[in-house]
Amino acid sequence: MPSPIAVKTIIRKEWAELYKNTLVLGTVVFLPLFLAALPLLILWASGDIMGGTAEAVGSELPPQMGDLCRGLSSGECGQLLIVSQFTLFFMMIPLFIPATIAPYSIVGEKTQRSLEPLLATPISTVELLLGKNLAAVIPAVLATWFAYAFFAIGARLLVASPQVFSRLFGPDDLLQVLVIGPLLAVFSVDLAIMISSRSNDARVAQQISSLVVLPIVFLFIGQLAGILVFNTLLTYILLLAAFFIDIILTYLSVHVFDRETILTRWS
Amino acid sequence: MIHTENLTRIFQRKGEPPLTAVENLSIDVRRGEVFGFLGPNGAGKTTTIRMLACLIRPTSGEALVNGYRVGEDNDAIRRSVGILTETPGMYDNLSAAYNLSIFARLYGVDDADAQVEKYLRMLGLWERRHDEVGEFSKGMRQKLALARALIHEPEILFLDEPTAGLDPEAARLVRAFISDLRGQGRTIFLCTHNLDEADRLCDRIAVFKTRLLVVDTPTNLRRKLFGRQVVFHLRALSPGLVDRVMGLPFVHHAESIDNKLLVRLADPETHNPDIIRALVEAGADIQFVGELRYSLEDVYLQLVNTPSTT
């Protein structure tokens with residue numbers, strides 16, 4: 001059973017170091033704000049195109065998308081279709097932020113040669129990795145939720161129609177941000193830990209780790225191209241996939257983080 | 001306090017031949033002694049410390065540290081030893097006090113803040129406690145690393161090159177601190193290249209080069225390797241004087257260099273008066289008499305460079 005004191009100590013240490021790293025801190029603060037502000041700007045810009053009925057546009061849309069717009073005016077539908085594409089951004093944030101923080105966390109220990117004294121303490125590998133994992137996951141999840149709340153408040157003010165608002169923040173969307181988001185953050189940290197355990201350079205580890213956002217980018221492109229729609233089924237598939245991949249990756253990251261190999265290879 | 005029996009570590013990397021870093025190391029380090037571990041670069045000193053501090057596993061053999069078995073009681077060993085690694089390895093962006101408090105908490109120290117204060121004051125870093133370690137000089141960082149190794153009051157301390165790269169003043173401060181630690185009854189396992197430092201601080205030394213060459217007190221090592229030699233400074237060296245001294249039954253060997261007569265014998269305290277008497281009788285004017293003292297460096301080089309030494 002991991003010691004809460006050890007885990008808490010590692011988290012506090014990581015955050016103290018994170019607070020001093022302006023580049024990483026900037027990413028944690030500004031990326032979510034930017035990704036929340038972007039759909040709000042589009043909402044604001046598209047505010048004056050409302051009018052007409054859904055039937056007017058429904059015939060020009062793929063059937064799945066047409067279903068989304070049932071009962072909305074063409075303007076409302078347009079707004080909904082454009083902005084709903086961007087809710088995927090809120091799944092990119094929990095992937096990207098840990099991919100920025102975690103490589104510094106492991107490779108930073110290497111560059112400062114601080115891992116050996118740390119491993120000489122009675123801390124277990126699980127406690128160490130849990131501390132480092134949570135230190136990256138918690139800011140990522142909080143930043144995502146704050147950005148999403150910011151987006152929700154802004155959207156409520158900018159979207160005239162309560163129908164569009166309720167469809168933008170439906171159960172699937174909440175599930176994506178509140179549940180799948182944290183799972184993706186864990187996925188991203190595990191991957192970053194595995195990569196940085198094998199890497200000697202924080203920048204290289206960070207660059208490789210940041211590729212973790214690619215699957216969401218592909219989903220985003222697929223949705224924009226009308227190939228797929230992020231509906232309830234896809235949400236649940238993603239939820240299950242993220243859950244099981246997290247379990248596998250967490251197990252692997254603990255095993256890849258071989259204290260002895262890291263110490264002797266990094267010396 | 002530390003006991004090893006045929007401790008061996010072989011590194012095996014893909015595509016490379018196996019590298020034996022430590023081979024059949026058997027040593028006993030006594031409670032409260034400063035044990036010097038000397039050897040050339042790459043001799044396996046750091047690997048030995050890492051095995052004893054449970055950072056890496058031995059390939060074979062066994063080791064007991066403070067009564068706990070390496071590989072089985074690793075947590076208990078980690079709690080009872082402190083380690084000063086070859087490089088300080090501090091968190092540069094964090095303050096000195098915060099650096100220490102991290103380790104105090106990881107070691108489960110009861111009153112972490114008080115313990116941090118105690119060591120910062122003891123090492124003269126209290127006034128700089130809020131400063132980032134990145135701003136510290138090498139000597140200050142080393143002192144902080146020493147404080148970190150001691151923060152949980154370990155009974156055994158592993159020190160890997162504690163004064164390497166320090167200026168003479170900082171090195172002297174660190175040595176004085178280590179000397180104080182010996183006074184507190186801690187067992188200190190000291191790896192160093194500084195032979196003068198080993199000579200001054202260590203009760204016993206082991207000379208090591210992948211395998212153990214010898215263990216003894218510095219004084220005994222000198223005597224075993226070079227015997228005891230007394231040098232007689234004479235005003236002038238007359239012919240036949242060397243032969244006359246060689247004729248004395250207790251003299252093992254005698255030779256002359258310029259106006260000096262070097263005499264090797266087992267017990268100078270007993271036989272020096274007899275030699276002096278013989279020299280005076282032979283008409284020699286003796287200016288000074290002293291024991292020729294070999295440095296630990298002479299001992300070390302003799303051991304390390306002699307292939308057959310075991």
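Q: In this predicted model, which residue forms a salt bridge with B:Arg9, and how far apart are the closest N and O atoms?

A: Side chains of opposite charge can pair when their charged atoms come close. Here B:Arg9 forms a salt bridge with A:Glu260, and the closest N and O atoms are 2.4 Å apart. The pair crosses between chains, running from strand 1 of chain B, which holds B:Arg9, to helix 14 (residues 259-265) of chain A, which holds A:Glu260.

Q: Why does B:Arg9 count as buried or exposed?

A: Buried means under 20% relative accessible area. B:Arg9 has 10% relative accessibility and therefore counts as buried, and A:Glu260, at 8%, counts as buried too.

Q: How many salt bridges are counted between chain B and chain A, and how should the contact be described in terms of area?

A: The size of an interface is often given as the accessible area lost when the parts come together. In this case chain B and chain A bury about 2700 Å² between them, with 59% of that area on carbon and sulfur atoms, and the contact draws on 28 residues from chain B and 28 residues from chain A. The count of salt bridges between the two chains is 4, and one formed by A:Lys20 with B:Glu132 has its closest N and O atoms 3.1 Å apart. On the side of chain B that touches chain A, strand 1 (2-11), helix 2 (74-80) and helix 3 (96-106) of chain B each supply at least two residues, with helix 3 giving the most, 5 residues. By class, that side has 13 nonpolar, 4 polar and 11 charged residues.

Q: Which parts of chain B does the salt bridge between B:Arg228 and B:Glu269 link?

A: The closest N and O atoms of B:Arg228 and B:Glu269 are 3.0 Å apart, and the pair links distant parts of the chain, since B:Arg228 lies in strand 11 (residues 228-234) and B:Glu269 in helix 10 (residues 268-281), 41 residues apart. B:Arg228 counts as buried at 11% relative accessibility, whereas B:Glu269 counts as exposed at 55%.

Q: Which residues have the most contacts inside the largest nonpolar core?

A: In soluble globular proteins, nonpolar side chains tend to be buried together. The largest nonpolar core here has 159 residues, and those with the most contacts inside it are B:Leu120, B:Leu144, B:Phe158 and B:Phe189. Helix 8 (residues 125-158) of chain A gives the most to this core, with 12 residues. Leaving aside neighbours within four places in sequence, B:Leu120 is in contact with residues including B:Ala96, B:Leu100, B:Trp126 and B:Leu144. Apart from this core lies another, of 17 residues, among them B:Phe232 and B:Val263.

Key:
Residues are numbered from 1 along each chain as its sequence is written. Chains are lettered from A and ligands numbered from 1 in the order in which they are written. This is a predicted model: local features need pLDDT of at least 70, side-chain atom pairs count only at pLDDT 80 or more; totals for chains, interfaces and linings use all residues. Side-chain values use heavy atoms; hydrogens and water are left out. Contact means heavy atoms within 4.5 Å. Buried area is the accessible area (1.4 Å probe) that two parts lose on being put together, summed over both. A salt bridge is a side-chain nitrogen of Lys or Arg within 4 Å of a carboxyl oxygen of Asp or Glu. Helices (H or I, at least four residues) and strands (E, at least two) are DSSP runs, numbered from the N terminus. Ala, Val, Leu, Ile, Met, Phe, Trp, Tyr, Cys and Pro count as nonpolar, Asp, Glu, Lys and Arg as charged, and the others, Gly among them, as polar. A nonpolar core is a set of buried Ala, Val, Leu, Ile, Met, Phe, Trp, Tyr and Cys residues joined through side-chain atoms within 4.5 Å. Buried means under 20% relative accessible area, exposed over 50%, partly exposed in between (1.4 Å probe, protein chains only).
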